[in-house]
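Ready for some practice with rings and pockets? Grab a pencil and work through the exercises below.

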Amino acid sequence: MDEAGRGPWAGPVVAAAVILRRRRLPVRIDDSKRLTALQRVRAFEHILRHAEVGVGIVSAEEIDRRSILAATLAAMQQAVAALSHPPDLVLVDGLTAPPLSMPAWPLVHGDARSYPIACASIVAKVVRDSLMEFYHRLLPAYRFHQHKGYGTALHARLLDQWGPSLLHRLSFRPVASVGERWREAHAI
């Protein structure tokens with residue numbers, strides 16, 4: 001299991017749980033950050049064909065309400081619950097595993113050390129990127145398709161111009177400070 005989207009200023013956090021039906025797939029599998037977008041999509045398609053996949057998604061609003069760590073663990077719980085067959089053991093990328101009904105072992109740098117975690121990393125990243133592209137179509141002024149909600153210079157400029165949207169994480173300091181300045185400047 002792995003997640004995507006803990007650090008961005010906007011959008012959900014997405015977790016994926018993967019149970020492989022094959023030991024290896026005929027595409028490059030690695031930590032999603034080490035693959036190009038095209039390599040991730042190709043790998044994603046193979047993973048969906050040769051694995052059982054569960055996905056959990058927690059919104060920006062829920063992240064603000066609970067904390068990014070609590071939201072990430074909730075997304076991981078959703079991902080495991082979405083599997084049709086519960087695993088005997090869950091390997092989780094990172095320092096913390098969510099409370100589950102089966103043993104869960106955190107594995108630091110697991111997406112680089114474990115083939116199934118790398119597969120989960122790819123699924124989580126592709127699903128989250130697809131959501132951000134969808135959100136771009138709903139709110140094109142923010143150009144979510146370009147920065148995927150991460151704190152880039154472009155995103156900072158657009159956030160300053162338009163203020164936070166419903167997809168922004170208001171509890172994240174850069175968004176909160178822009179939101180305060182934006183409300184004061186526009187007398188909201």
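Start with a quick check: at 0% relative accessibility, phenylalanine 144 is buried, where buried means under 20% relative accessible area, exposed over 50% and partly exposed in between (1.4 Å probe, protein chains only). Keep in mind that this is a predicted model, where local features need pLDDT of at least 70, side-chain atom pairs count only at pLDDT 80 or more, and totals for chains, interfaces and linings use all residues. Residues are numbered from 1 along each chain as its sequence is written, and side-chain values use heavy atoms, leaving out hydrogens and water.

**Exercise 1.** Work out how the rings of tyrosine 142 and phenylalanine 144 are arranged.

*Solution.* Step one, the rule: rings of Phe, Tyr and Trp (its six-membered ring) pair if their centres lie within 6.5 Å; planes under 30 degrees apart are stacked, over 60 edge-to-face and the rest tilted. Step two, the values: tyrosine 142 and phenylalanine 144 sit 5.5 Å centre to centre with 10° between the planes, so the pair is stacked. Step three, the surroundings: tyrosine 142 is buried too, at 7% relative accessible area.

**Exercise 2.** Find the charge that lies over the face of tyrosine 115.

*Solution.* First, the rule: NZ of Lys or CZ of Arg must be within 6 Å of the ring centre and within 35 degrees of the ring normal. Then the match: arginine 24 lies over that face, 4.0 Å from the ring centre of tyrosine 115.
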